[in-house]
Number of protein chains: 2
Amino acid sequence: MRPLFHPSIDDVRLEAILHALSDPVRVAIFVDIAGAPCAQTCQAFASVGDRAIPKSSLSQHFKVLREAGLIRSERQGVEMRNTSRCPEIQQRFPGLIPAIIEAHRIEAAAKAA
Amino acid sequence: MRPLFHPSIDDVRLEAILHALSDPVRVAIFVDIAGAPCAQTCQAFASVGDRAIPKSSLSQHFKVLREAGLIRSERQGVEMRNTSRCPEIQQRFPGLIPAIIEAHRIEAAAKAA
DNA sequence: TTCAATAGTTCCGATTTCCTGAACTATTGG
DNA sequence: CCAATAGTTCAGGAAATCGGAACTATTGAA
C-alpha cells in the first residue's frame, strides 16, 4: 500500500478545494471533521445522512479531500485518524473555509425547516 | 432554442456553486464578470489566458454558471449580456463569493510571481 | 424580402472521470 | 497463526465533459 500523499500547503489549489467540496458526501464529511474536537475515522462516515456509502467510495472520497489539502490522514493502529487542515488553509486562503462551512450550515438549516 | 433557465435565488445550491467554480475556465470567466463594471458577452472569453475555448464549450460553461445561479444572461440583439448575481448570492451565502474571488486573486498573484 | 454575418445553442461521438463490488494490504487481539 | 477490523487498489460499467459540425436567432445591408 503506497504511503498517503498530503500536498504541502503552498501546493494547495483553489480548484482542488472547490472540486472536493462540490460533492454532497465530501462536504458533509469535511464539515464534520472540521467541526469535531478530535480526529475522525473513515468508517465513522459509513453512512452520511441516511445514505450508506460503500467503503471503496468512502476511501476515494477521503483521498480527494486529502489530496486537495483539506484533511490530514494518519494511520493509528488499525484505523485512520482524519483531521482538518483548516488553520493552514486559513493562512493561505483567508476566510474561504469558514465561508463554505457557513454556507453549508445555512443550507442544512433551510432544508431542515 | 429553449429559453435560458435561471434558478430563483432560494434554489441556488452551494454544491452547484462550488462545482461551477471548480473549473479553471469557469472561475476565470466568473471572476471577470463579477469584477466588470458592465455586462460581458460570451465571446469576450473566446480565449481565457492564452488558451482558446471552442464556442460549444464556452456555451456549456456559461450554462453551468447560469444554472448554478452565479450569473444572469440576457439576449441583447445578436449577443448575450452576462452579469453576476453577486448581490443576491451575498444575501443567501454571506461572504462566500468574496472569499472565493479573493482566493482566486491570491493564487493568480502567486503564479505571476 | 432576401442574404450574409455574427453570436450562441444543440447534437452527438470520443474521451475522461466517477462509482462500487471484489480482491487485496495492514494492524491488532486472542 | 488466525480471525476480525479498517482501509486501499483494481477493473468494469455508468455518468459527466469536450469539441466539431450543424442549427437557431438577430441584425444590417442590398
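Here is a friendly exchange between a trainee and a mentor about two protein chains and two DNA strands in a predicted model.

Trainee: Before we start, what pLDDT do local features need here?

Mentor: Residues are numbered from 1 along each chain as its sequence is written, chains are lettered from A and ligands numbered from 1 in the order in which they are written, and side-chain values use heavy atoms, with hydrogens and water left out. In this predicted model, totals for chains, interfaces and linings use all residues, side-chain atom pairs count only at pLDDT 80 or more, and local features need pLDDT of at least 70.

Trainee: Good to know. Which C-alpha of chain A is nearest the axis that relates the two copies?

Mentor: Two copies of a chain are related by a rotation about an axis and a shift along it. Here a rotation of 180° with 0.0 Å of shift superposes chain A on chain B, at an RMSD of 0.0 Å; the fit is by least squares on the C-alpha atoms of residues with pLDDT of at least 70 in both. The copies are therefore related as by a two-fold rotation axis. In chain A, the C-alpha nearest that axis, at 2.6 Å, belongs to Leu18(A).

Trainee: How much area is buried between chain A and chain B?

Mentor: The contact (heavy atoms within 4.5 Å) takes 20 residues from chain A and 20 residues from chain B. Buried area is the accessible area, with a 1.4 Å probe, that two parts lose on being put together, summed over both. Carbon and sulfur atoms give 67% of it, and the total is about 1,900 Å².

Trainee: And which three residues supply 29% of the area that chain A buries against chain B?

Mentor: No other three residues of chain A supply more of its buried area. You have met one of them already, as its C-alpha is the one in chain A nearest the axis. The three are Leu14(A), Leu18(A) and Glu107(A).

Trainee: Which helix gives the largest share of the side of chain A that touches chain B?

Mentor: Helices (H or I, at least four residues) and strands (E, at least two) are DSSP runs, numbered from the N terminus. Helix H1 (14-20) and helix H5 (96-112) of chain A each supply at least two residues of that side. By class, the side has 12 nonpolar, 4 polar and 4 charged residues, where Ala, Val, Leu, Ile, Met, Phe, Trp, Tyr, Cys and Pro count as nonpolar, Asp, Glu, Lys and Arg as charged, and the others, Gly among them, as polar. The largest share, 7 residues, comes from H5(A).

Trainee: How many salt bridges are there between chain A and chain B?

Mentor: A salt bridge is a side-chain nitrogen of Lys or Arg within 4 Å of a carboxyl oxygen of Asp or Glu. One example joins Glu107(B) to Arg92(A), at 3.9 Å from N to O. Over all chains the count is 12 salt bridges, and between chain A and chain B it is 4.

Trainee: Within chain A, how many residues apart in sequence are the parts that Glu88(A) and Arg72(A) tie together?

Mentor: These two residues form a salt bridge, with the closest N and O atoms 3.3 Å apart. Glu88(A) lies in helix H4 (residues 86-92) and Arg72(A) in strand E3 (residues 71-76), so the pair ties together parts that are 16 residues apart.

Trainee: On to the DNA. Which helix gives the largest share of the surface near DNA strand D?

Mentor: A residue is near a strand if one of its heavy atoms lies within 4 Å of it. Of the 24 residues around DNA strand D, those that come nearest are Gln43(A), Lys55(A), Ser59(A), Val78(A) and His19(B). Helix H3 (55-67) and strand E4 (79-84) of chain A, together with helix H3 (55-67) of chain B, each supply at least two residues of this surface. The largest share, 5 residues, comes from H3(A).

Trainee: Which residue has a polar side-chain atom 2.7 Å from a base oxygen of DNA strand D?

Mentor: Of the atoms of DNA strand D within 4 Å of the protein, 66% belong to sugar or phosphate and the rest to bases. A base nitrogen lies 3.0 Å from a polar side-chain atom of Ser56(B). For the base oxygen at 2.7 Å, the residue is Lys55(A).

Trainee: And which residue has a polar side-chain atom 2.9 Å from a phosphate oxygen of DNA strand C?

Mentor: Of the 25 residues around DNA strand C, His19(A), Gln43(B), Lys55(B), Ser59(B) and Val78(B) come nearest. A polar backbone atom of Gln43(B) lies 2.8 Å from a phosphate oxygen, and a polar side-chain atom of Ser57(A) lies 3.1 Å from one. The side chain at 2.9 Å is that of His19(A).

How values were computed:
Polar contact = N/O pair within 3.5 Å; in protein donor to acceptor, adjacent residues only side chain to side chain.
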